[in-house]
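The following paragraphs lead through a protein model, moving from the packing of helices to the way in which the chains come together. Please keep the structure in view while reading.

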Number of protein chains: 2
Amino acid sequence: MKNKVITISREFGSGGRTIGKKTAKRLGIACYDSELIQKTAEESGFDAQYIQDAGEYAPSGLFANLSNRAFGPTNEDYLWKIQYQMISRLAEEGPCVIVGRCADYILKGKADCLRAFIHADLAFRAQRIVNVYGEREQSPEQRIKDKDRRRAAYHRFYTDMKWGHAQNYDITLNSGTLGIDHCVDLLVMLYEQGSFAGKDGNA
Amino acid sequence: MKNKVITISREFGSGGRTIGKKTAKRLGIACYDSELIQKTAEESGFDAQYIQDAGEYAPSGLFANLSNRAFGPTNEDYLWKIQYQMISRLAEEGPCVIVGRCADYILKGKADCLRAFIHADLAFRAQRIVNVYGEREQSPEQRIKDKDRRRAAYHRFYTDMKWGHAQNYDITLNSGTLGIDHCVDLLVMLYEQGSFAGKDGNA
């Protein structure tokens, strides 16, 4: 019997992580995000901040990476492998919510996954990241574009899936128009209905 | 006070029209699709079948159309204008569900719209169109690819929006994994919560 897992991909600033945490809390199941990074760090011996950067960003040198690969796996490849194993194991241990980290791809066939993507328009996200993370030297719009581009590149590099295309998910939600709490309501409802039993072979 | 309208774009065979009709029935509001085509036909004097084809398909001669435009608006442009006016008027008359016809684009700023996109994987849709529409000479997979390509081209030509990109919608749903009735549940829930009050300026 495969565990039910909600995977959440999200645009930076869309509140995807908050939605994941609130959904998990309402359902009484675990939520993995920064905790996951920490665990990875413990297993790999890499510094936690380095892992956060490497796991989030396809490095600015994607091409550099490709050439590095001529000499064997890179650090990013090694981290990818550890995260892959960890996410697979967490999904085996029990039902949970996993935010980011290509969990949707990693768990294909291994869990009864509800694959969600959270997005919002730029203005909503810009305002939100200033509220949540505070002002930075770089404008919020630039921070968003930069972070989204890196996430999309990372996803594409390791999974060959197009990040943010409706067809890759069971549900995508605009947190800016629907509101974060309503997004939580919808995910909780779907989870409780048990309506993602892999009818198309996703699980 | 703007009316609440659910607009549904959908991949061919995904059950988007069925979801629209069931949602409207549950909510006790009107649903426009083939009825809309009929009304358009009555107003324009065009043949109903011709309108169905022209409204659904960006004609195989998109380039031909472009050159035709050197001599003024084409029939397709005329139909677009009529549909544009009709959809705007229907949304003014009362809350409703509108399936297809770029209603999401047309009603921007004119109604309190919930913009939904329904999709499913190819195998699910292939089986469904054979069940619903019967066998044809062309394979179901080929019929689907053909129809989707034309819908996407029509949408892009008249709206400059990318069809099927999560960012263009408030919610996208995979009817193949979630099931048609659960998609209806979600849309009904969102409508009743009144949670699409245009927080990002969509309405």
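At roughly what angle do the axes of α7(B) and helix α8 (residues 140–159) of chain B cross? In this predicted model, the two axes come within 9 Å of each other and cross at roughly 105 degrees. Since angles of 65 to 115 degrees count as roughly perpendicular, α7(B) and α8(B) are therefore described as roughly perpendicular to each other. On the side of α7(B), the contact is made by B:L122, B:R125, B:A126, B:I129 and B:V130, and these meet B:P140, B:E141, B:R143 and B:I144 of α8(B). Sorted by class, the residues of this contact comprise 6 nonpolar and 3 charged, with no polar residue among them.

A second helix pair can be followed in chain A, where the axes of helix α2 (residues 34–44) and helix α5 (residues 75–93) come within 10 Å and cross at roughly 120 degrees. The pair α2(A) and α5(A) is therefore oblique, and the crossing is right-handed. From α2(A), the residues A:L36, A:K39, A:T40, A:E43 and A:S44 take part in the contact, while α5(A) contributes A:L79, A:I82, A:Q83 and A:M86. The contact of α2(A) with α5(A) divides into 4 nonpolar, 3 polar and 2 charged residues.

We turn now to the relation between the chains. Two copies of a chain are, in general, related by a rotation about an axis and a shift along it. Here chain B is superposed on chain A by a rotation of 180 degrees with 0.0 Å of shift along the axis, at an RMSD of 0.0 Å, and the two copies are thus related as by a two-fold rotation axis. The interface fits this description, because 100% of the interface residues of chain B are also interface residues in chain A, so that the copies meet through the same surface.

In that interface, 30 residues of chain B are in contact with 30 residues of chain A. On the side of chain B, the elements that give two or more residues are β4 (112–119), α7 (122–133), β5 (171–174), α9 (175–178) and α10 (180–193), and the largest share, 5 residues, comes from α10(B). By class, this side of chain B has 12 nonpolar, 14 polar and 4 charged residues. Within its own chain, α10(B) lies across β1 (4–10), β4 and β5 of chain B, running at about 170 degrees to β4(B).

How many bridges join strand β5 (residues 171–174) of chain A to β5(B)? There are 3, and the two strands run antiparallel. Across this junction A:T172 stands opposite B:T172, and A:I171 stands opposite B:L173.

The pairing of these strands belongs to an open sheet of 10 strands with mixed pairing, in the order β2(A)-β3(A)-β1(A)-β4(A)-β5(A)-β5(B)-β4(B)-β1(B)-β3(B)-β2(B). At its edges stand β2 (30–32) of chain A and β2 (30–32) of chain B, each with a single partner strand, so one side of each is left without a neighbour in the sheet. From one strand to the next, the twist averages 20 degrees.

Technical notes:
Residues are numbered from 1 along each chain as its sequence is written. Chains are lettered from A and ligands numbered from 1 in the order in which they are written. This is a predicted model: local features need pLDDT of at least 70, side-chain atom pairs count only at pLDDT 80 or more; totals for chains, interfaces and linings use all residues. Axes are lines fitted to C-alpha atoms, for helices over the stretch in contact, and angles run from 0 to 180 degrees between N-to-C directions. Helices (H or I, at least four residues) and strands (E, at least two) are DSSP runs, numbered from the N terminus. Angles under 35 degrees count as roughly parallel, over 145 as roughly antiparallel, 65 to 115 as roughly perpendicular and the rest as oblique. A crossing is left-handed if the near helix is turned anticlockwise from the far one by less than a right angle, and right-handed if clockwise. Two residues are in contact if their C-beta atoms, placed from the backbone, lie within 7 Å. Ala, Val, Leu, Ile, Met, Phe, Trp, Tyr, Cys and Pro count as nonpolar, Asp, Glu, Lys and Arg as charged, and the others, Gly among them, as polar. Copies are superposed by least squares on the C-alpha atoms of residues with pLDDT of at least 70 in both. Two strands pair if DSSP finds at least two bridges between them.
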